[in-house]
Amino acid sequence: MSEETNKRLALITGAGRGIGRAIAERLGADGYKVICVSKSPGSCGSAAEAINAAGGEAVAYPVDVADSAAVRTLCEQVLEEQGTVDILINNAGITRDNLLFRMGEADWDAVLQTNLTSCFTFTKYLARPMTRTRWGRIINITSVVGIMGNAGQANYAAAKAGMIGFTKSLAKEFAARKITVNAVAPGFIQTDMTAELGDEARENITKFVPLKRLGTVEDIAGITAFLVSDEASYITGQVFTVDGGMVM
Ligand code: NAP
């Protein structure tokens, strides 16, 4: 790891658990300074503690990413206290599944606000320092559901498809400033989000996965670590599915 890479700061939303935590721990181990963001202070605090205990450097900033005003205040605080952010991983997300006629407006709004609007607010308030240094990495954690749709997940699919359009538009907008913007689209990954599916549903899903297993959080952390590195400097505006071959 170069001296320059060692000084880079990475902010990860939803870093308290699951995929976000694995990305935070991986980037911490790779020598980046990590800013862990999640809703509950205990959750992002324990992620930061684990990274520090393993010899890395991390700080925790709790915020409700669905609260745009709070996100703006938090981003201002982070830039004041940390100086800059070089890498932004928009990962925080929720599901509120239901068939359309049973889906309440609150379920629609919560999913769009948490998954998609948070992506807009964090990027809007944190990308400016990247434009000044002419180096930046933005990774949006979308989903295969945003590519292929899913019955009972119209809100989630719309949010995740929106993240893909957002990724491609910003990749074009920021290319001249040497900021790359990419999306990672996980398939079914073993986390709290998929734990509620139950054993039978998980077995059925596995049948449709050519590699015959659910993904691990490390599968997503690995590609994210590559995409934020200098080795990925010629890759932008892309969506990388990490799904055991489910969508091809
Ligand atoms: P998870 O285990 O449920 O963890 C979600 C994380 O997001 C938690 O740290 C949680 O914070 C944070 N979060 C949720 N709502 C928030 C809010 N309003 N404000 C701040 N933080 C909030 O989820 P996951 O499975 O790791 O999923 C991570 C991302 O990958 C999501 O965007 C998800 O859509 C996407 N994804 C997951 C899968 C999968 O199979 N798991 C597949 C495709 C895409 P707390 O810890 O404080 O609660």
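These are my notebook entries on a predicted model, taken element by element.

**Entry: cysteines**

I looked for disulfides and counted zero. I checked Cys-36: the closest cysteine sulfur belongs to Cys-44 and is 7.0 Å away, which is too far for a bond. A disulfide would need the two sulfur atoms within 2.5 Å. I then checked Cys-119, whose closest cysteine sulfur is in Cys-75 at 12 Å, again too far for a bond. Cys-36 is buried, and its relative accessible area is 0%. Cys-119 is buried as well, with a relative accessible area of 0%.

**Entry: ligand surroundings**

I listed the residues around the ligand and found 31 of them. The ones that come nearest are Ser-40, Ser-43, Asn-91, Tyr-156 and Thr-191. I then noted polar distances. Tyr-156 has a polar side-chain atom 2.5 Å from an oxygen atom of the ligand. Asp-64 places a polar side-chain atom 2.8 Å from a nitrogen atom of the ligand. For Gly-187, a polar backbone atom is the partner, and the distance to an oxygen atom of the ligand is 3.3 Å.

**Entry: Thr-13**

I found Thr-13 in strand β1, which covers residues 9-13. Is Thr-13 buried or exposed? Thr-13 counts as buried because its relative accessible area is 2%, under the 20% cut-off. A polar atom of the Thr-13 side chain lies 2.8 Å from the backbone nitrogen of Asn-91. Asn-91 is also one of the residues that come nearest to the ligand. With neighbours within four places in sequence left aside, I recorded contacts of Thr-13 with Val-37, Val-65, Ile-89, Asn-90, Asn-91, Ala-92 and Phe-122.

**Entry: Arg-8**

I located Arg-8 in the loop between α1 (3-6) and β1. Which side chain makes a polar contact of 3.3 Å with that of Arg-8? The partner is the side chain of Asp-230. Arg-8 is buried, with a relative accessible area of 5%. Not counting residues up to four places away in sequence, Arg-8 touches Tyr-32, Lys-33, Asp-86, Trp-135 and Asp-230.

**Entry: helix α3**

I took α3 as residues 41-53, a run of 13 residues. From the first C-alpha to the last it reaches 18 Å, close to the 18 Å expected at 1.5 Å a residue. I listed Ser-43, Cys-44, Gly-45, Ala-47, Ala-48 and Ile-51 as buried in this helix. Two of these names had come up before: Ser-43 is among the residues that come nearest to the ligand, and Cys-44 holds the sulfur closest to that of Cys-36. The cover over the buried residues of α3 includes α2 (18-29), β2 (33-38) and β3 (57-62). After the helix I noted Gly-55, whose phi is positive, near 100 degrees.

**Entry: helix α5**

I took α5 as residues 105-133, which makes 29 residues. The helix reaches 41 Å from its first C-alpha to its last, close to the 42 Å expected at 1.5 Å a residue. Where does α5 bend? The bend is at Gln-113 and amounts to about 40 degrees. Arg-134 follows the helix, and its phi is positive, near 55 degrees.

**Entry: Phe-174**

I placed Phe-174 in helix α7, residues 154-174. Phe-174 is buried, with a relative accessible area of 12%. I compared Phe-174 with Ala-157: the two are 17 residues apart in sequence, and their C-alpha atoms are 25 Å apart in space. Leaving aside neighbours within four places in sequence, Phe-174 is in contact with Thr-123, Ala-127, Ile-138, Ile-179 and Val-181.

**Entry: Gly-215**

I found Gly-215 in the loop between α9 (199-207) and α10 (217-227). The relative accessibility of Gly-215 is 12%, so this glycine counts as buried. I checked the C-alpha distance from Gly-215 to Thr-123: the two are 92 residues apart along the chain and separated by 27 Å. Thr-123 is also one of the contacts of Phe-174. Not counting residues up to four places away in sequence, Gly-215 touches Phe-188, Ile-189 and Gln-190.

Key:
Residues numbered from 1 in each chain as written. Predicted model: local features only at pLDDT ≥ 70, side-chain atom pairs only at ≥ 80, totals over all residues. Heavy atoms only, no water. Buried < 20%, exposed > 50% of the residue type's maximum accessible area, 1.4 Å probe, protein only. Helix = DSSP H or I, 4+ residues; strand = E, 2+ residues; numbered from the N terminus. Expected span 1.5 Å × (residues − 1). Bend = angle between axes of the 7 residues up to and from the residue. Polar contact = N/O pair within 3.5 Å; in protein donor to acceptor, adjacent residues only side chain to side chain. Contact = heavy atoms within 4.5 Å. Near = heavy atom within 4 Å.
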